[in-house]
Amino acid sequence: TGINFDKYDDIPVEVSGENVVPEIMSFETSGMDKILLRNVALSGYRKPTPVQRHAIPTVMAGRDLMSCAQTGSGKTAAFVLPVLHQMLLMGGPAPPPSSSGVGGISSRSRCSYPTYLILAPTRELASQIFSECRKFCYGTSIRAAVIYGGSENTREQLRAVENQVDIVVATPGRLLDFIDRGRIHLANVRFLTLDEADRMLDMGFEPQIRQIVENCDMPAAGQRQTLMFSATFPREIQRLASDFLHDYIFLAVGRVGS
Ligand code: ADP
Ligand code: MG
């Protein structure tokens, strides 16, 4: 696969925040669920990248995370694996909020209440994250779907969320559209990831992102764990981080521009 470990092994890593979580030296000793370890091995990953060594234990410990790392450093697995681990610990996917007593609405509601929401700027990125999710979910009962705008397959995407999915990977505009249509409800979101946050802001998605995060702020879901990833760390990203993250760990791998 596409990682050049020679290039990464002596890359500078900066970790800061309250009670930093110790890094892992291997996947096997990370304490991660056995099904996930098997899927990691099936993917041909032999050892974690620097961002994975730090992010995986941090996220497994339930901490919020702001991470800056360059493209190709293995960020997707760094957030997907530890969230899947926690979803499996929670006893698999959470059921949608009970609608019993309202005449079995849930069976006819044709919508999803995801536990994990991942936002990405483009169709290509969302699709890549989705296929990594599917790969790592193999052999579990966790279901994922991807939705993005600018395509002719709206019907197909609507069908994909008709029966409860636990992970939704989405571009911001299309997600808001599906929320408006009542096809996706964010009341159960326990885990939220903003991938390539700087690109999402460059593309003008800040109002949409803020609206989505407001939709996630439902007491029913309890405490939410939020993870932000960005190549750069300019003022606007710092502001989002302080608005969305709680007592977070900051992790920078390599040189980070602003
Ligand atoms: P980023 O989001 O940081 O750009 P990706 O998550 O897309 O990076 O990973 C880049 C490539 O490296 C992908 O093909 C991915 O499957 C692969 N990869 C990720 N982590 C590892 C690892 N620990 N060992 C080998 N390959 C990996
Ligand atoms: Mg990426």
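Reader: Which residue takes a positive phi of about 75° just after H8?
Author: This is a predicted model, in which local features need pLDDT of at least 70 and side-chain atom pairs count only at pLDDT 80 or more, whereas totals for chains, interfaces and linings use all residues. Residues are numbered from 1 along each chain as its sequence is written, chains are lettered from A and ligands numbered from 1 in the order in which they are written, and side-chain values use heavy atoms, with hydrogens and water left out. Helices (H or I, at least four residues) and strands (E, at least two) are DSSP runs numbered from the N terminus. On that numbering, the residue with this positive phi just after H8 is Gly-182.

Reader: Which residues other than glycine have a positive phi, and where are they found?
Author: Most residues other than glycine have a negative phi. Asn-19, with a positive phi of about 50°, is placed in the loop between strand E1 (13-16) and H2, and its relative accessible area of 65% makes it exposed (over 50%; buried is under 20%, partly exposed in between, with a 1.4 Å probe and protein chains only). Asp-247 has a positive phi of about 45° and, with a relative accessible area of 41%, is partly exposed. The two loops are thus the one between E1 and H2, which holds Asn-19, and the one between H11 and strand E8 (249-253), which holds Asp-247.

Reader: What percentage of the residues in the chain is buried?
Author: The chain has 11 helices and eight strands, and its accessible surface, from the Shrake-Rupley method with a 1.4 Å probe and, for residues, only the protein chains shown as cover, comes to about 12,000 Å², of which 48% belongs to carbon and sulfur atoms. Among contacts (heavy atoms within 4.5 Å) with a separation of 6 or more, residues 24 or more positions apart account for 79%. Of the 258 residues in the chain, the buried share is 52%.

Reader: Why do the buried residues of helix H10 lie on the same side, and what arc do they cover?
Author: In H10 (residues 206-216) the buried residues are Glu-206, Ile-209, Ile-212, Val-213 and Cys-216. An α-helix has 3.6 residues a turn, so residues three or four places apart point the same way. On the other side of H10, Pro-207 and Glu-214 are exposed. The buried residues are on the same side of H10 because the arc they cover around the axis, taken from the directions from the helix axis to the C-beta atoms, is only 125°.

Reader: Which elements do the buried residues of H8 pack against?
Author: In H8 (172-180), the buried residues are Pro-172, Arg-174, Leu-175, Leu-176, Phe-178 and Ile-179. H8 is also one of the elements against which the buried residues of H10 pack, the others being strand E3 (116-119), strand E6 (191-194), helix H9 (197-202) and helix H11 (235-244). For the buried residues of H8, the packing partners are E3, strand E4 (144-147), helix H7 (154-160), strand E5 (167-170), H9 and H10.

Reader: Which residue's side chain makes a polar contact with the side chain of Arg-210?
Author: Arg-210 lies in helix H10 and, at 25% relative accessibility, counts as partly exposed. Not counting residues up to four places away in sequence, Arg-210 touches Arg-239, Leu-240, Asp-243 and Phe-244. A polar contact is a pair of N or O atoms within 3.5 Å, where within protein one must be able to donate a hydrogen and the other to accept it, and residues adjacent in sequence count only if both atoms are side-chain atoms. At 2.9 Å, the partner in the polar contact with Arg-210 is Asp-243.

Reader: What percentage of the area that ligand 1 exposes alone does the protein bury?
Author: Ligand 1 is surrounded by 17 residues (each with a heavy atom within 4 Å), the closest being Tyr-45, Lys-47, Gln-52, Gly-72 and Thr-76. An oxygen atom of ligand 1 is 2.7 Å from a side-chain N or O atom of Tyr-45, and a nitrogen atom of ligand 1 lies 2.8 Å from a polar side-chain atom of Gln-52. Taken alone, ligand 1 exposes 560 Å², and the share of this buried by the protein is 84%.

Reader: Which backbone oxygen lies 2.6 Å from a polar atom of the side chain of Ser-73?
Author: Ser-73 lies in the loop between strand E2 (65-69) and helix H4 (75-89). At 3% relative accessibility, Ser-73 counts as buried. The backbone oxygen at this distance from its side chain is that of Gln-70.
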